[in-house]
Structure formats: structure tokens, C-alpha cells
Amino acid sequence: MIQLIKGFKDILPDEIVLWQYIEDTARALFEDFGFREIRLPIVEKSELFSKSIGDTTDIVEKEMYTFEDGKRGNVTLRPEATASVVRSYIQHKMYAEEPVRKLYTIGPMFRRERPQKGRYRQFYQIDAEVFGTASPYMDAQIIFMLVSLFNKLAVQNVSAHINSLGCPVCRPDFQKALFSLLESQKDHLCENCLRRSEKNPLRTLDCKVPSCRNALKDAPSILDFLCGDCQSHFNTVKDLLTRQNIPFDIDKNLVRGLDYYTRTAFEILTTSLGAQNAVAGGGRYDGLVEALGGPSQPAIGFAIGFDRLAEIMAQNRTLPPKNPKIYIAALGDTCRNLAWGWASDLCLDGVQTEMDFEERSLKSHMKRADKFHADFVLILGDNERENGHALFRNMESKEQISVPLDDLVPQLIKIIG
RNA sequence: GUGAGCGUAGUUCAGUCGGUAGAGCACCGGAUUGUGGUUCCGGUCGUCGCGGGUUCGAGCCCCGUCGCUCACCCCA
């Protein structure tokens, strides 16, 4: 038997109901906030990711699915969406049409990590990006929209965390201060942090090793180093969120794993997914568009871990609303033949209608109806046919009414409302 | 990449000291004529992950291998 590859998974029909509900809710909300959908290729030139995500990140160093594509050189299965959205934004000169562009996209991403709970090699993201405004109002609106999605979906046990990562003006001072602390604490740092203190000191801040946490407990806070502009930007974001009743925690150790972030960074964390606690994350990346060869345009965005969101909703047994279903129990060839047309017409009219075409006892039909979770059963046997009526049973109340065969379909639709 | 745990029916699992497999659920049928969910009765279903070794004999012990899961790391 051929099985699927490690870290990949099939999303089966029972789960898909929830996925569709999440997707529909997100689309509707994002469109109301002025976002437009964009669909992008899954494969891009490798350099797009090494330039945007950063050469020293784990993603680029060891997690990408990269292969040669003839003369074109190396191509990569995208490990995240932002780089592709930015590429497309630049390539199609979207900045020329309209100063502010809001885009969203939904699709699979690929990272070759060891799979575990909430982590797959092919995983899905709902991604939203805004280009062309540096205003803190947009930061707050983006976070407001994201939190609102979780509220609409009635997701429990999540919290919003925000931080500011500064900008090219103020971050170097902070990095200098952090670096000198790391030097002085060298003996107490884990192997990883020793390496990180060379390559990317910021990331030592969210190390979980107890000795490192202890060594860094007096680490300088980026928030104390923010320049005037960054400080007032961050203050505005916090004020706006507070005014809109969005609860959040300030987490000075929140450091996103990708190199391109500036100023506002945020995450939605959950306690329901074991070691993987981030269901969504994002932030501002004012320098990325220019770094990828576009004009100097500020931008901010986020990605939601679709699989993780679906998983915590499934744990909480959140079920999307469903429409009534009819099961048709037709006894004998003549009745089956007659009912087949009704079933088809009901489906066409938007009423989910199931019919079992095998010859069965009525009892067996009723069991089938239960299995389908039918709300109503239409019963047609020779007795009914001969007197020109069919029986229509409400499965919950067990009430049964007689419906004339003439004009049956419109009548049923009227009855179930 | 590193570590730990687990692989037995469609599924969840039991299987004692080594004696060639069992239960619940699910599925199918029945319980006097054409009415479901509960109950009762009956029935179908296995390369015990795979390969080798020890043994008269292996689901069980040993070695290898593959797969799954969780954790480290990192992130969505």
C-alpha cells in the first residue's frame, strides 16, 4: 500500500466542514475590511526566500524544499506567503494603481521540519498583507481584524501578545546593549544561544532553557531603546487597541523568527496545542519591499496557522451551523423511480437530499436516515402512491404528515422553511 | 538533525509464564405484515507493520528496518 509522506496529511470530509467554515468566515470578514484575494504559485525562485526571510534563519538554512529547475536554477516550495505576496506586489506594480493595497491569500506552505502536534511539513496559512501605509492606525486595525476573526469563530483560550522591534534607527543601540550582556553571560548560555548571540542576538530572548532565561533576566528591553518615532507609534497602537476593547499582553521578548520585521510584532497564542503555541503571528516590515527591489513602501501583515486553528476549534467541539437534510425512503421499483426525480430536484433547489437506491426494508431505510443525520424522511410506498400522498416525517418530533404528490417538491421546501 | 513512547480486525484496545488471536464500537441481517436512535440475538472482518534470529513452537524474547506519535529545536 502506498501511504502519504511523513509530515503530510489528508484532510478528510468530516474535517473539511470545519475548514470551510473557517475559510468562509475569514473571507467574509477580510473582504469587509477591504482586503482582496490574491492567488499565488506554490513554487518561487529560491533567492526570493533567502533574501526576504533571512539567510541565517532556520527556515532558509535547513527547512526548505528546494530543487533544481533546469536552466532557471534553484526553485523552492514556499515556506511562507509574505515573500510571494511582496514579489507579486512589486512585479505588477500595484503601488502605482492605488496607494494602499490590502491583499489576502489562503494556501499550503512547506517546511521540512520534524512533524509533531500542530506542525506539519505541508501546512496551510491564511495570510493578509497591507502595503503603502506606515500609520499605526493600520497596525491596530490589522490586529483588531485578526482578533475579531477569533471572536467570530468563538475560539477559546487564545490571547494576543504584542511588542515593538524598533527600526533601523534605534535597534542597533539595543543590539549593542544586548550583545554586551550576552558576552558577560557567556558561561551561562546554552549552545544554541552562543551561536545565536553571534548571528542574531535578538533571538536569544525567547530561548526556553532555564539557565538562559536566568542569565538574561536582566536583559535590556527593546522597549527602553525605542526612538521617539517608534515609541509614539507603539503607544498609538496600544491606545487604539485599548479603545476598541481588544485585550493584549505586552511581551518584550516577543521576537519573530523572520528577519524582515520592524516595529510592531504580534502573535496570537494558545494553550491547546502542546509545544506549538502560536496560532497566528505577524508584524510590520517596512524595509522588505525595497529590499526585494521594489519602491520604498511600508507594509504590515500576518499569517494564521489554518491547521492549528482548525485543531483547537475541533478540540472545543466548535461546529459550524448546518442546514436541514431530507432522506427519501422509497419502497419498490415504481416508487424509487418516482422519488428519484424529487431527490434530484430538491438537491438542485439547495436542500441536501439523500436517497438510498437499494431495495431495503422501511426499517433499514430509517436506520440509513439516522446515519445521515436526516432531519426529515420522505416515505413513499405503494400504499401512499396509490392514494396520491407521501408521508413526511420529522425525525426529531416524530410527527408525520401527509403531503400530496402533486407539486411535492415546492411543498416540502415550504414545510422545512 | 537529536531523544522518548507506540505499531494486533474498519476503529479503540485486551492478549497472563512463549502453546499458531479476542472484546467493545462500527458494519450487515433478524426479533410475526411498512417506521430510526435504546435493548436482545446472529453474522462478516486479521500477512499480529515488515525482515531476520532464538525455540519443538513467537503477537509475546533478541536484532534490524519502516511507519506513527510526542518532545527538543524552530515556527503558523
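In helix α14, residues W342, D345 and L346 meet L408, V409 and L412 of helix α17. This contact belongs to a predicted model. The domain assignment of chain A gives domain 1 (13-170 + 226-315) and domain 2 (325-416). Between the C-alpha centres of domain 1 and domain 2 there are 49 Å. The points below take the helix pairs, the sheets, one buried strand and one buried residue in turn.

**The helix pair α14 and α17**

- Helix α14 covers residues 333-348 and helix α17 covers residues 408-416.
- The axes of α14 and α17 come within 10 Å and cross at roughly 50°. That angle makes α14 oblique to α17.
- The crossing of α14 and α17 has a right-handed sense.
- α14 also lies across three strands, β12 (325-330), β13 and β14, and runs at about 170° to β12.

**The five-stranded sheet**

- Five strands form an open sheet in the order β13-β12-β14-β15-β16, and the pairing is mixed.
- The edges are β13 (352-355) and β16 (400-404). Each of these has a single partner strand, so one side of each is left without a neighbour in the sheet.
- From one strand to the next, the twist averages 25°.
- Strand β14 (residues 376-380) and strand β15 (residues 389-394) run antiparallel and are joined by four bridges.
- In the pairing with β15, F376 stands opposite N394.

**The helix pair α1 and α6**

- Helix α1 (residues 13-32) and helix α6 (residues 136-152) have axes that come within 10 Å and cross at roughly 140°.
- α1 and α6 are therefore oblique to each other, because an angle has to be over 145 degrees to count as roughly antiparallel.
- α1 passes α6 in a right-handed crossing.
- On the α1 side the contact is made by T25, A26 and L29, and on the α6 side by M145, S148, L149 and K152.

**The three-stranded sheet**

- Three strands form an open sheet in the order β2-β4-β3, with antiparallel pairing.
- β2 (43-45) and β3 (65-68) are the edge strands. Each has a single partner strand, so one side of each has no neighbour in the sheet.
- The average twist from one strand to the next is 35°.
- Helix α2 (residues 46-53) packs on the sheet and touches β2, β3 and β4. The direction of α2 makes about 75° with that of β2.
- β2 and strand β4 (residues 74-77) run antiparallel, joined by three bridges. V43 has L77 in β4 as its bridge partner.
- β3 and β4 also pair in the antiparallel sense, over four bridges. Here E68 stands opposite N74 in β4.
- The hairpin of β3 and β4 has five residues between the strands. In this hairpin, G70 takes a positive phi near 55°.

**The buried strand β11**

- How many residues of strand β11 (residues 299-305) are buried? Seven of the seven are, so β11 is largely enclosed by the rest of the structure.
- Both faces of β11 are covered. A299, G301, A303 and G305 are buried on one side, and I300, F302 and I304 are buried on the other.
- Strand β6 (residues 122-131) pairs with β11 in the antiparallel sense over seven bridges. In this pairing, E129 has G301 as its bridge partner.
- Strand β10 (residues 278-284) pairs with β11 over five bridges, again in the antiparallel sense. In this pairing, G282 has F302 as its bridge partner.

**The residue F110**

- F110 lies in strand β5, which covers residues 101-110.
- Is F110 buried or exposed? F110 is buried, because 21 other C-beta atoms lie within 10 Å, and the cut-off for a buried residue is 20 or more.
- Leaving out residues up to four places away in sequence, F110 touches Y65, L77, R78, P79, R121 and Q122.
- Of these contacts, Y65 lies within the range of β3 (65-68), and L77 is the bridge partner of V43.
- F110 and R121 are eleven residues apart along the chain, and their C-alpha atoms are separated by 5.3 Å.

Methods. Residues numbered from 1 in each chain as written. Chains lettered and ligands numbered in written order. Predicted model: local features only at pLDDT ≥ 70, side-chain atom pairs only at ≥ 80, totals over all residues. Helix = DSSP H or I, 4+ residues; strand = E, 2+ residues; numbered from the N terminus. Buried ≥ 20, exposed ≤ 12 C-beta atoms within 10 Å, placed from the backbone. Contact = placed C-beta atoms within 7 Å. Domains from an automatic or database assignment. Pairing = 2+ DSSP bridges. Axes fitted to C-alpha atoms, helices over the stretch in contact; angles between N-to-C directions. Parallel < 35°, antiparallel > 145°, perpendicular 65-115°, else oblique. Left-handed = near helix turned anticlockwise from the far one by under 90°.
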